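Okay, thanks everyone. I'll put the sequence and the fold up now, and then we'll walk through a couple of spots together.

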Amino acid sequence: MKKINKFALSFAVAAGFTVATAAVASADTVTVKSGDTLSQIAQNYNTTVDSIQKLNNLTNINLIYVGQKLQVNTNNTQTTTVATQATANTSQATVQTANTTTVASANTSTNTNTTAASTVTTTASTTEAAAREWIAARESGGSYTITNGTYVGKYQLAGSYLNGDYSAANQEKVANNYVLSRYGSWANAKAHWLSTGWY
């Protein structure tokens, strides 16, 4: 009987069943012998006097009879231990879930901030590119080879700025340096062009 009870308790712990179910399934019946006391029986079966009293509906714990059959819960202490362990495991799982939620929330916030910064950068780049192309279209129609004798290429830069190098790469580099140093951005250069007709 005790082997079966230990197996039932082990199965209950492994499967995560409630402790109360395991305790009910592990009751033994004891026959009172001459000289037995309730406290001695409780000690022998690793339980408590209170537990035996409740299981058998005893009104007086000091009055038991020889031959009387008493039910004892032999796993009372173990059951308490299992209950405590189950509670600890539940609390730990709750803490782990809370930590996971916090980390996930922090990651989501970081990702949102990164996405927002990326969006701002992309928007600024798009605005700059659009302003740059707008100026090139007004100045030369986007041609790197057009010249009017004084100004050369796509951005109609003075020949002295280009130092004799009229390649597309040099025109792009010199135009970018000129605009950023003079206006701070292509958008500002466009605003200036709109108000004056040149940049």
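Quick bit of bookkeeping: when I say helix, I mean a DSSP run of H or I with at least four residues, and a strand is a run of E with at least two. Counted like that, the protein has eight helices and four strands. And keep in mind, this is a predicted model.

Going from the N terminus, the order is α-α-β-α-α-β-α-β-β-α-α-α. There are 199 residues, and 27% of them count as buried. The accessible surface is about 12,600 Å², with 57% of that belonging to carbon and sulfur atoms. If you take contacts with a separation of 6 or more, 46% are between residues 24 or more positions apart.

Now, spot one: Arg132, which is in helix α5, residues 76-140. Is Arg132 buried or exposed? It's an arginine, but at 17% relative accessibility it counts as buried, because the cut-off is under 20%. So who's around it? Arg132 touches Tyr155, Glu172, Asn176 and Trp186, leaving aside residues up to four places away in sequence. With Asn176 there's a polar contact, side chain to side chain, at 3.2 Å.

Trp186 takes us to spot two, helix α8, residues 186-196, where the buried residues are Trp186, Ala189 and Trp193. Look down the axis of α8 and those buried residues fall within an arc of 55°, so they line one face of the helix. That goes with the general rule: an α-helix has 3.6 residues a turn, so residues three or four places apart point the same way. Over on the other side of α8, Leu194 and Ser195 are exposed. Then, after α8, you get Gly197, with a positive phi near 90°.

Notes:
Residues are numbered from 1 along each chain as its sequence is written. This is a predicted model: local features need pLDDT of at least 70, side-chain atom pairs count only at pLDDT 80 or more; totals for chains, interfaces and linings use all residues. Side-chain values use heavy atoms; hydrogens and water are left out. Buried means under 20% relative accessible area, exposed over 50%, partly exposed in between (1.4 Å probe, protein chains only). A polar contact is a pair of N or O atoms within 3.5 Å; within protein, one must be able to donate a hydrogen and the other to accept it, and residues adjacent in sequence count only if both atoms are side-chain atoms. Contact means heavy atoms within 4.5 Å. The arc is that of the directions from the helix axis to the C-beta atoms. Accessible areas come from the Shrake-Rupley method with a 1.4 Å probe; for residues, only the protein chains shown count as cover.
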